[in-house]
Amino acid sequence: ATFENCIISENTAANGAGINSVSSTVTVNNSSISDNVASADGGGLYFHNTASTITDVNISNNSAYSGGGIFCEDQSDATMTNVTISGNVSSWEGGGIYCEGSSPILTNVTISGNTATVDGGGVYLKDNSSPTMTNVTVSGNTCENNGGGFFMKNNSNPSFSNSVLWN
């Protein structure tokens, strides 16, 4: 599927209220994904074993149990360029991004103002999730328990280049 110049807003679902993709390929360009609500995972985007390219996209004010903005699992190694992930909420883990067994590539991405209750206000990484982050800003995210900016476990190992982790 290809989404270009789209507004994906005010949708509800159990998983992937904005976009839900399982074992597929998804491209999202020059679009906005906002104000979507998932009762389980992936308020804005839910990827399971999905190859995705996300360019010039605003992912904001979405909510879910896990992965308020984006939920990636089972080798969903997204390539994100010029993306803003802000104001998303998770009632459990990964306010901005939740990755389990996935290693996305992020370039020129801002992850700010996201909230999680348990772990990873900005980013939650689990089970060998090792994203590559270049020119990424992670700032102003909050979590009531662990990792306002980042929470990592089970052999997850992000790499950063020319990036800012602040506040």
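# Exercises on stacked rings and parallel strands

Tyr46, Phe71, Tyr98, Tyr124 and Phe151 form one aromatic cluster. The model is a predicted one, and the exercises below walk through this cluster, the strands around it, the nonpolar cores and two loop residues.

## Exercise 1: The aromatic pairs

Find how many aromatic pairs the whole structure holds, and work out how the rings of Tyr46 and Phe71 are arranged.

**Solution.**

Step 1. A search of the whole structure gives 6 aromatic pairs.

Step 2. One of them joins Tyr46 and Phe71, with 5.3 Å from centre to centre and 5° between the planes. Planes under 30 degrees apart count as stacked, so this pair is stacked.

Step 3. Now place the two residues along the chain. Tyr46 belongs to strand β7 (residues 45-48) and Phe71 to strand β10 (residues 70-73). They are 25 residues apart, and the pair links distant parts of the chain.

Step 4. Finally, check the surroundings: both Tyr46 and Phe71 are buried.

## Exercise 2: A second pair

Decide which class the pair of Tyr124 and Phe151 belongs to, and whether each of the two residues is buried or exposed.

**Solution.**

Step 1. The ring centres of Tyr124 and Phe151 are 5.5 Å apart and the planes meet at 10°, so this pair is stacked.

Step 2. Here too, distant parts of the chain are linked: Tyr124 sits in strand β16 (residues 123-126), Phe151 sits in strand β20 (residues 150-153), and 27 residues separate them.

Step 3. For burial, the cut-off is under 20% relative accessible area. Tyr124 has 0%, so Tyr124 is buried. Phe151 has 18% relative accessibility, so Phe151 counts as buried.

## Exercise 3: The sheet behind the rings

Write down the strand order of the open sheet with 6 strands, and name its edge strands.

**Solution.**

Step 1. The order is β4-β7-β10-β13-β16-β20, and the pairing is parallel.

Step 2. The edges are β4 (19-22) and β20, each of which pairs on one side only.

Step 3. On average, neighbouring strands of this sheet are turned by 5° against each other, direction ignored.

Step 4. Now go through some of the neighbours.

- β4 and β7 run parallel and are joined by 4 bridges; the partner of Val22 in β7 is His48.
- β7 and β10 run parallel and are also joined by 4 bridges; Phe47 stands opposite Cys72 in β10.
- β13 (residues 97-100) and β16 pair in the parallel sense over 4 bridges; Tyr98 stands opposite Tyr124 in β16.

Strands of a sheet pair through backbone hydrogen bonds, either parallel or antiparallel.

## Exercise 4: The nonpolar cores

Which residues have the most contacts inside the largest nonpolar core, and which strands supply at least two of its residues?

**Solution.**

Step 1. The largest nonpolar core has 27 residues, and Met80, Ile85 and Ile111 have the most contacts inside it.

Step 2. The strands that each supply at least two residues of this core are β5 (25-34), β7, β8 (51-60), β10, β11, β13, β14 (105-112) and β16.

Step 3. Look at Met80 more carefully. Leaving aside residues up to four places away in sequence, Met80 touches Ile54, Ile70, Ile85, Pro104, Ile105, Leu106, Thr107 and Val109.

Step 4. Apart from the largest core lies another one of 5 residues, among them Tyr46, Phe71, Tyr98 and Tyr124. These four names also appear in the aromatic cluster.

Step 5. Return to Ile85 and follow its bridges. β8 and β11 run parallel with 7 bridges between them, and Ile59 stands opposite Ile85 in β11. β11 and β14 run parallel with 7 bridges as well, and the bridge partner of Ile85 in β14 is Ile111.

## Exercise 5: Two positive phi values

Say where Gln75 and Asn162 are placed, and whether each is buried or exposed.

**Solution.**

Step 1. Begin with the background: most residues other than glycine have a negative phi.

Step 2. Gln75 has a positive phi near 60°. Gln75 is placed in the loop between β10 and β11 (79-86). With 56% relative accessibility, Gln75 counts as exposed.

Step 3. Asn162 is not a glycine either, and its phi is positive at about 50°. Asn162 lies in the loop between β21 (159-161) and β22 (164-166). Its relative accessibility is 64%, so Asn162 counts as exposed.

How values were computed
Residues numbered from 1 in each chain as written. Predicted model: local features only at pLDDT ≥ 70, side-chain atom pairs only at ≥ 80, totals over all residues. Heavy atoms only, no water. Phe/Tyr/Trp six-rings, centres within 6.5 Å; stacked < 30°, edge-to-face > 60°. Buried < 20%, exposed > 50% of the residue type's maximum accessible area, 1.4 Å probe, protein only. Pairing = 2+ DSSP bridges. Axes fitted to C-alpha atoms, helices over the stretch in contact; angles between N-to-C directions. Core = buried A, V, L, I, M, F, W, Y, C linked by side-chain atoms within 4.5 Å. Contact = heavy atoms within 4.5 Å.
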